[in-house]
Amino acid sequence: MKPVSDGAPLRPDLRRSRLRDLRHLLLYAAARLLALLATVVVGVYLTILVANMGGQVDQLRLVQIRSEVVEAVRADPAFFDMPGEERNALVERQVALEVERLRLDQPFMVRSLDYLRRALSLDLGRAEQMHSDRGSREVRDIIVERLPATLLLFGSANLLVFFTAVFAALHLSRRYGSALDRTVIALAPSSAAPGWFYGIFLILLFAFLFPLLPAGGMVTAPPPEGRLAYAASLTRHMLLPVAAMFLSSIFVSIYSWRTFFLIHSSEDYVEMARAKGLSSRRIERRYILRPTLAPIITSFLLMLIGLWSGAIILEQVFNWPGLGSLLFQAIGHRDTPVIIGGVVIFAYLLAATVFLLDFLYALLDPRVRVRGGRP
Amino acid sequence: MSAWRSGGWRELGRYPSAITGMAIILVLVGVALAAPLAVPYGEALERWRGGERWQHHPVNAAPVWVDRLAGGRAPTTRVIAGRDVQAEVHPFPGGRRLTLPLTFDHDFDDFPSELNLFLTAEGHARPPFVRLLWQTPDGREIPLGGHRLGERERISISQDRALERRLGGLAPHIGLFAAEQAGAEREAGVPTLQTGRYGLVLEAVLFDAEAPLEAELVVYGRVHGIAGTDHQRRALSLALLWGTPVALAFGLIAAVGTTLTTLVIAAVGVWYRGWVDAVIQRLTEVNMILPVLPILVMVGTLYSTSIWLMLGVVVLLGIFSAGIKTYRAMLLPIREAPYIEAARAYGASNLRIVMRYMLPRILPVLVPSFVTLIPTFVFLEASLAVLGLGDPELPTWGKVLNDAQSQSALYNGYVYWVVSPALLLMLTGLGFAMLGFALDRVFNPRLRSL
């Protein structure tokens, strides 16, 4: 396998075929992008409808606004001597102001379309009740503040699981049937339990029975001065949640990768390479990993998709200030803009992942490339 | 088909994990079937709602067997009822005087966890009066004060602050059972338990010649039953027992609902092709973008947390799941198989081809993934409950975990409260996963040769 593109002039027909490949690839990507965009629009709109119970939440909110305003006016000593009628007028005025602020005076369908337009352009609006730790009411600020925590935790855990699993599986597939191999197979069913479940036990073990690690949170309070101390505290807090996720998925990942590699290493061309006497390292790289790259990447990205949705409970259990716990709090506050904002971010992240998946697939799998723009 | 089936069974028998898995599942199914027989559905809900019916149970007591296995002799709960005791009656004009000695032996290794006296005096024209006297094994007598009784009275001796002060700052259920200590020991503040025969003597004055006075002294233990109790005195065994059928039903229905519908839809798409297939594909993609758990949380908070609604939403979101893509890939080559052509030639309808010819072909391949899917849904229900979105009425494992978490069970050392539901969840997960993995190796021809 010599690189063909560098230096040496390409033969014209080869160049033409490369151009054709590229054109097909771009067409394919564009078609996928359009389709995904439509998908995101539909998905986000559905979310908006669910989050508002088709407009019914607004009725609840109207009642709530009225009672809050009445309560505030009654409790304010400044209005004690006000005659009844005037006070009622004041209440009406304040309710109207609040309704206008929350734009409840417009019909729900109009607002839902407006929500959709703004959500898609990532103009997420202002939160109704919640605010970011810095005090900003902008949904975008609230989410941006939480996103790094989620990315850090889940990114590191999943990368760790993925690479450990793939390399351990390669190793095991060579020593198929060994004691270690059998142990991993026997342990695979342990992955039936999700990460938070192991999290509970890890907290019990390492935070309460042997108080070595913190039971939750992201850094110690107050946050330590200095970058190194901060990083050290962060690492200590990350150990348990990462370990929980690692435990819950490592064995089944190794198991499935091992099976996958075993199937592929019994292909004829691998046998052929072995017969030629190539080194096992070379066989692994060229004859097993390269042809299986597309499915490996697929499963990596599918894992990423799974990661977004699994976040809420693990973050709750470990009190991790990420996107998942934000969403949970927002739902508790019935803060529609934050809920929609959070779900929109989820949807975008998922869509980006799916697009990446399609695109990489097209790059890696010649069959997709040749078929061109047809999905 | 039957020959293949018996072969499959024999094949499965070669895997110890499959046998273990099936044994676990059988036990769970047995428990699930026994639960409604032991406690009917309505009664289980009624009892789990809590309240007075649990008043003879201790708060946060550990299971008995845990303590006994560890070699301890922590006290269990005892109820000493007045009706079992010979009362001394002295009538006087317009009423009678009653002396009721409620005695019991306390020979455990620890103090009781609480002390309550329940008195029922129904049908009295004037409220009776009762004076309490505590007798210790070494002959001391401690007056516990007097009470004018209503129809139903609960005298919380443990909550008596004045008594606590008199006992030198010890909670009454400890102070009343402690040996008398000299000044120095008392300063040290570690009370020592005194075993032997204790008594609570009720001296009642009743202004009625006939009307009864029922008394029940409850000496709450520190251990209870096979599963312990929670913060509302409810026996956890009820929730653990009833959690089994709920978990299995939820897992099974959700797995069947999602797998079958997904399969049928994938087959329909493959068979009709064209726009039907395109619509199904696009719907699947929309569904892939919708985050399942946030939507479930949203539905739970905004609408209702009824377990059946949750189940419906799970199935609904699962219909157009990513599985459609996998099934589609499996079904595409089948569509072109000669036997389908033969069916078409004899004039089989579209529906018949899809249901009778295409689906049965890939069902065996799906059995393992179906089996491994069940615990996923069992854990999903638990996850929702842990988030506080459990069914408001049904006792489930997840709700026990949620209660434990909200009461900081681990921090307070009530390990059993977390471990027992978690263990059951784990057992369910392991049982189905072990069977599923073994089935995978049996049914998947590519794996079998390995």
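Contacts that reach far along the sequence are a good place to start: among contacts in chain A between residues at least 6 apart in sequence, 73% join residues at least 24 apart. Keep in mind as you look around that this is a predicted model. Chain A is built with 15 helices and 0 strands, and the points below go from chain A as a whole to where it touches chain B, and then to some helices of chain B.

**Chain A as a whole**

- The radius of gyration of chain A is 28 Å, whereas a compact globule of 375 residues would have one near 21 Å.
- Measuring along the principal axes, the C-alpha trace of chain A spans about 100 × 60 × 40 Å.
- Buried residues make up 32% of the 375 residues of chain A.

**Where chain A touches chain B**

- The contact draws 42 residues from chain A and 39 residues from chain B.
- On the chain A side, at least two residues each come from α1 (12-51), α7 (195-209), α8 (227-265), α11 (293-309), α12 (311-317), α13 (323-333) and α14 (336-364).
- By class, that side of chain A has 34 nonpolar residues, 8 polar and no charged.

**Helix α10 of chain B beside α11**

- In chain B, helix α10 (residues 292-302) and helix α11 (residues 307-319) have axes that come within 11 Å and cross at roughly 150°.
- With that angle, α10(B) is roughly antiparallel to α11(B).
- The crossing of these two helices, α10(B) and α11(B), is right-handed.
- From α10(B), the contact uses B:Val292, B:Ile295, B:Leu296, B:Val299 and B:Gly300, and from α11(B) it uses B:Met310, B:Val313 and B:Leu317.
- Sorted by class, the residues where α10(B) meets α11(B) are 7 nonpolar, 1 polar and no charged.

**Helix α10 of chain B beside α14**

- Helix α14 (residues 350-389) of chain B is another partner of α10(B): their axes come within 11 Å and cross at roughly 50°.
- This angle makes α10(B) oblique to α14(B).
- Here, too, you can look for the handedness: α10(B) passes α14(B) in a right-handed crossing.
- The residues that meet are B:Leu296, B:Val297, B:Gly300 and B:Thr301 in α10(B) and B:Leu384, B:Leu387 and B:Leu389 in α14(B).
- This contact of α10(B) with α14(B) has 5 nonpolar residues, 2 polar and no charged.
- B:Leu296 and B:Gly300 take part in the contact with α11(B), and B:Leu296 and B:Gly300 also meet residues of α14(B).

**A residue to find: B:Leu359**

- B:Leu359 sits in helix α14 of chain B.
- With 19 other C-beta atoms within 10 Å, B:Leu359 is partly exposed, because a residue needs 20 or more to count as buried.
- Apart from neighbours within four places in sequence, B:Leu359 is in contact with B:Leu263, B:Ala267 and B:Val354.
- If you would like a pair to compare, B:Leu359 and B:Leu193 are 166 residues apart in sequence and 71 Å apart in space, C-alpha to C-alpha.

**Helix α13 of chain B**

- Helix α13 (residues 338-345) of chain B lies largely in the open, because the number of its 8 residues that are buried is 0.
- After α13(B) comes B:Gly347, which has a positive phi, near 90°.

Conventions: Residues are numbered from 1 along each chain as its sequence is written. Chains are lettered from A and ligands numbered from 1 in the order in which they are written. This is a predicted model: local features need pLDDT of at least 70, side-chain atom pairs count only at pLDDT 80 or more; totals for chains, interfaces and linings use all residues. Helices (H or I, at least four residues) and strands (E, at least two) are DSSP runs, numbered from the N terminus. The radius of gyration is taken over C-alpha atoms; the globule rule is 2.2 Å times the number of residues to the power 0.38. A residue is buried if 20 or more other C-beta atoms lie within 10 Å of its own, exposed if 12 or fewer, and partly exposed in between; C-beta atoms are placed from the backbone. Two residues are in contact if their C-beta atoms, placed from the backbone, lie within 7 Å. Axes are lines fitted to C-alpha atoms, for helices over the stretch in contact, and angles run from 0 to 180 degrees between N-to-C directions. Angles under 35 degrees count as roughly parallel, over 145 as roughly antiparallel, 65 to 115 as roughly perpendicular and the rest as oblique. A crossing is left-handed if the near helix is turned anticlockwise from the far one by less than a right angle, and right-handed if clockwise. Ala, Val, Leu, Ile, Met, Phe, Trp, Tyr, Cys and Pro count as nonpolar, Asp, Glu, Lys and Arg as charged, and the others, Gly among them, as polar.
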